[in-house]
Amino acid sequence: MAQVEATTERIIAADAETVFDALADYSGTRAKVLPEHFSEYEVREGGDGEGTLVHWKLQATSKRVRDCLLEVTEPTDGQLVEKDRNSSMVTTWTVTPAGEGKSRAVVTTVWNGAGGIGGFFEKTFAPKGLGRIYDALLAKLADEVEK
């Protein structure tokens with residue numbers, strides 16, 4: 001079983017605190033910026049950063065749907081970590097300053113991939129697909145916070 005990793009980043013024309021606060025706002029902003037690949041979104045506990053428990057289904061492909069129940073932590077300033085209770089998937093959001101009035105938002109997701117030929121295809125194609133999904137999310141986030 002090989003670890004699979006997908007990373008996407010975007011420079012956003014808003015300060016890091018604003019971007020981080022929007023990402024951590026699971027009960028408000030986050031629901032608004034999710035692309036169509038996410039469904040059945042529900043905040044089950046908390047709703048603002050650390051201590052949040054959030055559920056969604058992520059449709060990565062027409063046949064592949066992950067049922068995610070994520071525990072949110074904030075291990076360091078500017079970082080959110082979403083650990084899926086239903087799988088090995090861990091997503092880390094990191095927001096840092098990137099010059100005057102700008103920030104860099106980086107999202108990295110890792111999980112234990114399948115073995116064999118299926119694992120080869122997963123490791124080859126899943127990062128690109130997930131990258132496109134998170135790129136769409138970051139674009140919607142940028143639209144939201146750059147208003």
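**Close-up 1. Strand 7 pairs with strand 1 and with strand 6.** In this predicted model, strand 1 (residues 3-12) and strand 7 run antiparallel and are joined by 10 bridges. Helices (H or I, at least four residues) and strands (E, at least two) are DSSP runs, numbered from the N terminus, and two strands pair if DSSP finds at least two bridges between them. Ile-12 has Ser-103 as its bridge partner in strand 7. Strand 6 (residues 90-97) also runs antiparallel to strand 7, with 8 bridges joining the two. One bridge partner here is Thr-108 in strand 7, which faces Thr-92 as its partner. Strand 6 and strand 7 form a hairpin with 5 residues between them. In the turn of this hairpin, Gly-99 has a positive phi of about 100°. Strand 7 (residues 103-112) is mostly covered, with 7 of its 10 residues buried. Buried means under 20% relative accessible area, exposed means over 50%, and partly exposed lies in between (1.4 Å probe, protein chains only).

Residues are numbered from 1 along each chain as its sequence is written, and side-chain values use heavy atoms, with hydrogens and water left out. Because the model is predicted, local features need pLDDT of at least 70 and side-chain atom pairs count only at pLDDT 80 or more, while totals for chains, interfaces and linings use all residues.

**Close-up 2. A salt bridge links strand 7 to strand 1.** The side chains of Arg-104 and Glu-9 meet in a salt bridge, at 2.6 Å from N to O. Arg-104 is in strand 7 and Glu-9 is in strand 1, so the pair links distant parts of the chain, 95 residues apart. A salt bridge is a side-chain nitrogen of Lys or Arg within 4 Å of a carboxyl oxygen of Asp or Glu; by this rule the count comes to 8 salt bridges. Arg-104 is partly exposed, at a relative accessible area of 32%. Glu-9 is also partly exposed, at 43%.

**Close-up 3. Further salt bridges involve Arg-44 and Lys-147.** Arg-44 and Glu-42 meet through their side chains in a salt bridge of 3.0 Å, N to O. Arg-44 counts as partly exposed at 43% relative accessibility, and Glu-42 counts as partly exposed at 38%. Another salt bridge is formed by Lys-147 with Glu-144, where the closest N and O atoms are 3.4 Å apart. Lys-147 is exposed, at 77% relative accessibility, whereas Glu-144 is partly exposed, at 22%. Salt bridges that share partners join Lys-32, Glu-144 and Lys-147 into one network.

**Close-up 4. Phe-38, Tyr-41 and Trp-56 form an aromatic cluster.** Rings of Phe, Tyr and Trp (its six-membered ring) pair if their centres lie within 6.5 Å; planes under 30 degrees apart count as stacked, over 60 as edge-to-face and the rest as tilted. By this rule the count comes to 3 aromatic pairs. Phe-38 and Trp-56 make an edge-to-face pair, with 5.3 Å centre to centre and 85° between the planes. Phe-38 lies in strand 2 (residues 38-45) and Trp-56 in strand 3 (residues 53-59), so this pair ties together parts that are 18 residues apart in sequence. Phe-38 is buried, with a relative accessible area of 9%, and Trp-56 is buried as well, with 2%. Tyr-41 and Trp-56 form a stacked pair, with 6.0 Å centre to centre and 10° between the planes. This second pair links Tyr-41 in strand 2 to Trp-56 in strand 3, 15 residues apart. Tyr-41 is partly exposed, with a relative accessible area of 23%.

**Close-up 5. A charge sits over the ring of Trp-93.** The charged end of Arg-30 is 4.7 Å from the centre of this ring. A charge sits over a ring if NZ of Lys or CZ of Arg is within 6 Å of the ring centre and within 35 degrees of the ring normal.

**Close-up 6. Four residues make a nonpolar surface patch.** Ile-117, Phe-120, Phe-121 and Phe-125 make this patch of about 450 Å². Patches are made of residues with over 30% relative accessible area and no salt bridge: like charges are joined within 9 Å, nonpolar side chains (Val, Leu, Ile, Met, Phe, Trp, Tyr) within 5 Å. Accessible areas come from the Shrake-Rupley method with a 1.4 Å probe; for residues, only the protein chains shown count as cover. Phe-121 lies in helix 3 (residues 116-145) and is partly exposed, with a relative accessible area of 40%.
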